[in-house]
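Hi,

Here is the structure I said I'd pass on. Have a look at it first, and then read my notes underneath.

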Amino acid sequence: MESNKKYWKGLEELNNTPDFVEKNKHEFAEPIPIEEILSGTGLMAKTPRRNFLKALGFGVGAVSLAACEKVPVHKSIPYLIKPEEVTPGVANYYTSSYDGHAILVKTREGRPIKIEGNPSDILSKGGVNALAQASVLELYDVNRLQNPVINKAETSWSAVDGFVKQQLSLIKAGGKKIRLVTSTVNSPSTLAVINDFVKAYPTAKHINYDAVSYTGIIQANQNSFGKAVLPHYRFDKADVIVSFGADFLGSWISQAEFMNQYVSNRNAKSLEAKKMSRHIQFETGMSLTGTNADVRIPIKPSEEGVALINLYNEISGTTLPGSKKLANNSIADTAITLAAKELLAAKGKALVVAGSNDVATQVLVNAINAKLGAYGTTIDLDNVSNQYAGNDAEMVELISDMAKGDVDAIFFLNANPAYDYYKAKDFTAALAKVKLKVSFSDHGGNGEGNQTIGDETSSLCDVIAPNHHYLESWGDAEVISGYYTIVQPTINPVYNTRQAEQSLLIWADAPVKDYYTYVRNNWDSSILAKGGLSGQKGWETLLQTGSVKAAEKPAGSYSFSKDLNAVATTILNQSNKITASGSDVELQVYQSSVMRDGKKANNPWLQELPEPVSKVTWDNFAAIAPKYGEKLNLKEGDVVKITVDGYSVSLPVLFQPGQAQGTVSVALGYGRTLAGPVGNGVGQNAFPFLTNVNGTFQTSSVAKMESTGEVSILAQTQTHHSYEGRSVIQETTFAEYKKNPAAGTRKNNEKKVYTLWDEYERPQYNWVMAIDLNACTGCGACVVACNAENNIPVVGKDEVRRRREMHWIRIDRYYSFNDNVTKEKEINKLDNLDHVSVVYQPMLCQHCDHAPCETVCPVLATVHSSEGLNHMAYNRCIGTRYCANNCPYKVRRFNWFNYWNDSRFDNYLNNEHTQLVLNPDVTTRFRGVMEKCSMCIQRIQAGKLKAKIEKRSVKDGDIKVACQQTCPTNAIIFGNVNDPESEVAKALKSERTYYVLEELDVQPGIGYQVKVRNTQPTVA
């Protein structure tokens, strides 16, 4: 964009700290420990040349030539009777559903190994997020409960059924309460099972409990419009979006769906039509959504309510109680005034959302949206979301009833309140008074004497009836009213588990106890017809497509007439309560887009996925503004103790540009104690920082924060690689783009090029890629998809700290600001760090035509193919790492260990069950071998083979690489540039296309499209 734009990955790069300089000035980030290797082989003294070469061959070859190691031969045994649907070496795909999104499950020889997006899914249009991609790994987790449990001892299902039915019979006769606590259930068949269970036991009641609650929105709609629902938001229909702390591209409600909607108004197609939505974000901590906003304004939690009151006043022309200027935040005041004008100008195509769980705040948001004509356009109150239905008041009432001894039986399904309820001690004490406690948890650990105890809640239960993994299950979902998806098993149960619904049917003595039959009957009787299907043929069609869509309900008419004076007063009172004074700090707890509420804490793919903004792995942290940290004499990595109402956690400090001054943000979902060996003890539990205010659980409070004097280095990946100050991001504004579509690109078309490389024709295939920086939100789904597809190992926190992460694709995050003042002023006063903008850039092997890695490899382990790809021959690599040093993009990874056969990595992927997730089309690499992105060569070969069998040429779209296939925003396009009609060829012809480090003339095979921001207000 402007010539004074400055980009930097982290504060250490901006400040050019001595540690940053030291780590990036050497040839390699870390030398090979030759001394250690030689001492390990007994050759440390005088080393004869022959023995030294032997050490290099089998020591550095345990560090660099392990591919030559002799391995045991295992004879394969052919099928005696081959299953009809299985062809060895050929993948099968089955439809299923994850969180209500239709997906495809890739299986090999009966093993699910990969989750793919289903193009028929109307929500994410064929994309899936990182959590869905990582979910297949949990199927093979050896820490899943492998048998039912009574009183912490494994037993049989018949024993469990006898015990539970006997207890329920006694409780039914006594008339005491029975409670079934679940996370939100949006499965029509599961809800029907629960209803049948309640009919069998009339004192039973179903309670939806969500660790991160949306009760505020649901109750606000009840108060405003008489409908206790979570609306279906339509970001794709909004020209102007204003968000107050709602991380809708990250963890708020429906990530993959909202990303797809949001980017549809900002991608290449939209830009070519000269259209782009405008997004303004007000928030405390830097969220994934905030980093993608056109304008981002940091505000304290205590300022959010006042800002919304001021926005309503500007839009409506009235003056509500509590209207006042924000103290020391004139930028926010100005932004509110401007946002109101833009929203009014976009009436009917405007949307305001808030992440608060406060009912009064959400009522005020409803009033604003009603003034803007959002209902029936950008907000759907008729075809609503069923993704969250938790009721905070019901959970509080349950604990009160248990404490009084009124509840005699309780069941937990996908709920873990002993960990994630804000008053877990009160819950635990009350639970002890319940006679029959049953958990359906399928994960957990072992206690003393190898007792099977499950997770934090199931460890307190009498019975654990472990549920199937969803890939072993039958089921369905209706996350949006009228949109139904099917869940079908892709493998027989790995362990001796049983579907929770079947257990409930058995215990209720239902006439149909087989859950497949139950689901089928439910669809035959009511759901298939909604999608125009019927009978056996309709059922088979459903299993092939994965979903049906009923006709949408017409938009109703909604008017807001509630008196807002009392609402504004309530908001103001709450704002005053969370306003910090003196040395106190305003605390905000939030869900990261990676770890969410902590249910997936034992998944190593997610633990090692860098959090998109901070790029921290394996930990949560205390995020504070750099200027605020300087004021408190803190340094990054210093451990601080944060205390609210007697509960304390100690966390390392992270200096987060864009964080509101005087605030600290802490992620939920960490601090598990019984998640399993991967998740146990990772980070600290922030759920007790939640507060119950006016009947809903709130995420903001006043805290005390003090230094402990300790230091803990975070495993942060962002500055592990340096471009030595070279510019790799190109950016422009929407206003400039409309004048000149090539705005922002820096090209020198008149340069004279001299080359040492021979040029070769590629008459048939020339595989290339295009990445649209305007479509990439930085979510990281592509990273996990690549892990699953290419058998990339997990290395753990300590190895990440050593700069040894193995991801083939990384998402670089760049901060920037306008350099209108001197660098010295920026660094010393830290003024500009409150208002930084962010750009994400997926970075992987560029498959350069003039690849500098190829010319320095002494054994030709990395070579160029006739189809434009840079290949790696693993069994030829001797691990010199010259290629990594000569790669300007720093995208090559070195195997410091044999991760697949090393006891130090047992908790990650090195065990017999977890390795069942490995893709048999991709070899696992050995210690001492270099690896990097292969452009999913196995997929390319499979696509070409299929076309050959079908006696045709490869068509555009036949081959999709893993990162492309999963991307919810279609930011990545792969294909054959020799085909002028291919999507990738058209994308690379865009005026926005540029190549990273083009000045080096390595001729990369990946083109990027310039980042465009809609920074200019739509009104004067």
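Below is what I found in it, starting with how far to trust the model.

Keep in mind that this is a predicted model. The chain averages a pLDDT of 89, and 90% of the residues score at least 70. Confidence peaks in strand 13 (residues 350-354), with a mean of 98, and bottoms out in helix 4 (residues 49-58), where the mean is 36. Two stretches deserve some caution. Over residues 36-77 the pLDDT stays under 50, and the model has 47 contacts beyond four places in sequence for that stretch. Residues 819-829 also stay under 50, with 17 such contacts.

Now the inside. The largest nonpolar core has 233 residues, and the members that touch the most others are Phe244, Trp252 and Ile642. A separate core of 45 residues lies apart from it, with Phe411, Ala465, Ile527 and Val548 among its members. In general, nonpolar side chains of soluble globular proteins tend to be buried together.

If you want one residue to start from, try Ile642. Leaving out residues up to four places away in sequence, Ile642 touches Leu587, Ala622, Tyr647, Ser648, Val649, Val664, Val666, Phe689, Ala703, Lys704 and Met705.

Strand 23 (residues 585-590) is worth a look next. Of its 6 residues, 5 are buried, so the strand is mostly covered. Strand 23 pairs with two others that I noted: antiparallel with strand 31 (residues 700-711) over 4 bridges, and parallel with strand 28 (residues 663-667) over 5 bridges. Glu586 shows both pairings, standing opposite Val702 in strand 31 and having Thr663 as its bridge partner in strand 28.

There's also an open sheet of 4 strands, in the order 41-34-43-42, with mixed pairing. Which strands stand at its edges? They are strand 41 (972-976) and strand 42 (993-994); each has a single partner strand, so one side of each has no neighbour in the sheet. Strand 41 pairs with strand 34 (residues 767-772) in the antiparallel sense over 5 bridges. Within that pairing, Ile771 stands opposite Ile972 of strand 41.

On to charges. The count of salt bridges comes to 41, and three of them caught my eye.

- Arg939 and Glu116 meet at 3.1 Å, N to O. Arg939 sits in helix 30 (residues 937-949) and Glu116 in strand 4 (residues 111-117), so this pair ties together parts that are 823 residues apart in sequence. Both Arg939 and Glu116 are buried.
- Arg144 and Glu472 have their closest N and O atoms 2.9 Å apart. Arg144 is in the loop between helix 5 (130-139) and strand 5 (149-150), while Glu472 is in the loop between strand 19 (463-464) and strand 20 (475-480), so parts that are 328 residues apart in sequence are tied together. Arg144 and Glu472 are both buried as well.
- Lys435 and Asp408 come to 3.8 Å between their closest N and O atoms. Lys435 is in the loop between helix 17 (424-431) and strand 16 (436-439), and Asp408 is in strand 15 (residues 407-413), 27 residues apart. Are the two partners buried or exposed? Lys435 is exposed, with a relative accessible area of 58%, whereas Asp408, at 6% relative accessibility, counts as buried.

One more thing on this topic: Lys114, Glu116, Glu789 and Arg939 are joined into one network by salt bridges that share partners.

Then there is helix 17, where Ala424, Phe427, Ala430 and Leu431 are buried. These residues cover an arc of only 130 degrees around the axis, so they lie on the same side of helix 17. What covers them? The elements doing so include helix 15 (392-403), strand 15, helix 16 (417-420) and strand 16.

Last, a small detail. Tyr882 lies in helix 29 (residues 882-886) and, at 40% relative accessibility, counts as partly exposed. The C-alpha atoms of Tyr882 and Met930 are 9.9 Å apart, with the two positions 48 residues apart along the chain.

Shout if anything is unclear.

Cheers

Conventions: Residues numbered from 1 in each chain as written. Predicted model: local features only at pLDDT ≥ 70, side-chain atom pairs only at ≥ 80, totals over all residues. Heavy atoms only, no water. Core = buried A, V, L, I, M, F, W, Y, C linked by side-chain atoms within 4.5 Å. Buried < 20%, exposed > 50% of the residue type's maximum accessible area, 1.4 Å probe, protein only. Contact = heavy atoms within 4.5 Å. Salt bridge = Lys/Arg side-chain N within 4 Å of Asp/Glu carboxyl O. Arc of directions from axis to C-beta. Pairing = 2+ DSSP bridges. pLDDT = per-residue confidence, 0-100.
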